[in-house]
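Here are my notes on this model. Please keep the structure open while you go through the points.

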Amino acid sequence: MNGNATFRHDNAALLAVTSVQAPRVLSSAEFDERLAPSLKRLRLSKKLLERVSGVMERRWWSDGTSFDDAAVEAGGKAMAEAGVEPGQIGLLINTSVTRRNLEPSVASKIHNDLGLPSSAMNFDITNACLGFVNGMTLAANMIDSGQIKYALVVAGEDAQPTQETTFARLNAEDSTREDYLNQFATLTLGSGAAAAVIGPADAHPGAHRIVGGVSRAGTEHHELCVGGLNGMYTDTKGLLDNGLELVVSAWDEAHQSGWNWKSMDRYVTHQVSNSYTNAIIKAVDLVRDRVPITFPKWGNVGPASLPMTLAQESKTLKPGDRVLCMGVGSGLNTAMMELAW
């Protein structure tokens, strides 16, 4: 299947990718203590969270720091690293799942706080954990078309409010084992922020080319993971099984369309859990030691997860390396994007 969901870029490059880690570290053991009343009543193991997910820690922001403040910090770092001034930015895309209100966009505050020009378009793209990759694709397309020269893509996530609400709900006297399982994925979330600057490859010979990729949808599964301001409810097995099927299908179709991703130097995946990572590695036969793992220390940081992992890996990547970004988001949607480092 070729067309709009299989794409190649002509002149787009990743100039910088940065992250900001939230400072408060909370272990899964601490979460177990917060849930001790319900775990005891429901006869569930205190170590179930860490054993099943592989998440040992996740992070929260300090009091007084908001998720959009963190996105501003990440964006400022990315522009400084890229050597791009705020006045040169033609597009700002915020991809955060976290938001405090329905309107205006989160992007509007970030645009203002970064001092971006009035000429810079700014808006949100929300597509669950896939949003950041979608934002990079849109930015690359607009650069290829000549509509803009530089774009800034950001994401800032705050897991604390949702997790605090989940603690209260699960500790209620009428909570059930089914409630715990349905909200289990909420307990694996983490806070963090990331940003990337995209620009024209011909003006930055040493930058990292955005080669292209594929995107596929399995929206018949849009009810498997539903999140809101009051919590997130997940059919964990259904999400894994159907997400895996979608990824394998997209992978196979990409290779039928001429891509060759079987021997990449690095596979940067969206970070969820042990079972998800192991299943992806096995399903498409990835080289395990080329798949960096960050979820044990950060948890699932939503759309910021993949770029945070890429920012970490950027310190060890060298010119000529081939990198494949692989993401899946509730909906279900998947995307794979090749970078030439």
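1. Start with Trp 259. This residue is buried, because its relative accessible area is 4% and the cut-off for buried is under 20%. Keep in mind throughout that the model is predicted.

2. Next, look at Trp 261. Its relative accessibility is 0%, so Trp 261 counts as buried. Trp 259 and Trp 261 form an aromatic pair. Their ring centres are 5.2 Å apart, and the planes meet at 35 degrees. That pair is classed as tilted.

3. A charge also belongs in this picture. Which ring does the charged end of Arg 8 sit over? The ring is that of Trp 259, and the charged end is 3.8 Å from its centre.

4. What does the record say about this stretch? UniProt, in an unreviewed entry, places the feature "domain: Beta-ketoacyl-[acyl-carrier-protein] synthase III C-terminal" at residues 255-339. Over residues 255-339, helix makes up 29% of the chain and strand 22%. The C-alpha atoms at the two ends are 16 Å apart.

5. Now count the rings. How many aromatic pairs does the structure hold? There are 5 aromatic pairs. One of them joins Phe 31 and Trp 60. The pair is tilted, with 6.1 Å from centre to centre and 55 degrees between the planes. Phe 31 lies in helix H1 (residues 28-34), while Trp 60 lies in strand S4 (residues 57-60). The pair therefore ties together parts that are 29 residues apart in sequence.

6. Are Phe 31 and Trp 60 buried or exposed? Both are buried. Together with Phe 167, they form one aromatic cluster. Phe 31 has a charged partner too: the charged end of Arg 58 sits over its ring, 4.1 Å from the centre.

7. Follow Phe 167 into helix H7 (residues 160-170). Phe 167 is one of the buried residues of this helix. The others are Gln 160, Thr 162, Gln 163, Thr 166 and Leu 170. Look down the axis of H7: its buried residues fall within an arc of 160 degrees, so they line one face of the helix.

8. The record has an entry here as well. The UniProt annotation "domain: Beta-ketoacyl-[acyl-carrier-protein] synthase III N-terminal", from an unreviewed entry, covers residues 123-201. Over residues 123-201 the chain is 41% helix and 24% strand. The end C-alpha atoms are 24 Å apart.

9. Turn to strand S2 (residues 12-21). The strand is mostly covered, with 9 of its 10 residues buried. S2 pairs with strand S8 (residues 192-200) in the antiparallel sense, over 9 bridges. Among the residues involved, Gln 21 has Gly 192 in S8 as its bridge partner.

10. S2 has another antiparallel pairing, with strand S9 (residues 208-217), over 2 bridges. Which residue in S9 is the bridge partner of Ala 13? That partner is Arg 209.

11. Finish with Thr 334, in strand S14 (residues 333-340). At 1% relative accessibility, Thr 334 counts as buried. What does Thr 334 touch, leaving out residues up to four places away in sequence? Its contacts are Leu 130, Val 214, Ser 215, Arg 216, Leu 246, Val 247, Ala 250, Gly 327 and Val 328.

Terms used: Residues numbered from 1 in each chain as written. Predicted model: local features only at pLDDT ≥ 70, side-chain atom pairs only at ≥ 80, totals over all residues. Heavy atoms only, no water. Phe/Tyr/Trp six-rings, centres within 6.5 Å; stacked < 30°, edge-to-face > 60°. Helix = DSSP H or I, 4+ residues; strand = E, 2+ residues; numbered from the N terminus. Buried < 20%, exposed > 50% of the residue type's maximum accessible area, 1.4 Å probe, protein only. Lys NZ or Arg CZ within 6 Å of the ring centre and 35° of its normal. UniProt positions renumbered as here; feature names shortened; annotations may be inferred. Arc of directions from axis to C-beta. Contact = heavy atoms within 4.5 Å. Pairing = 2+ DSSP bridges.
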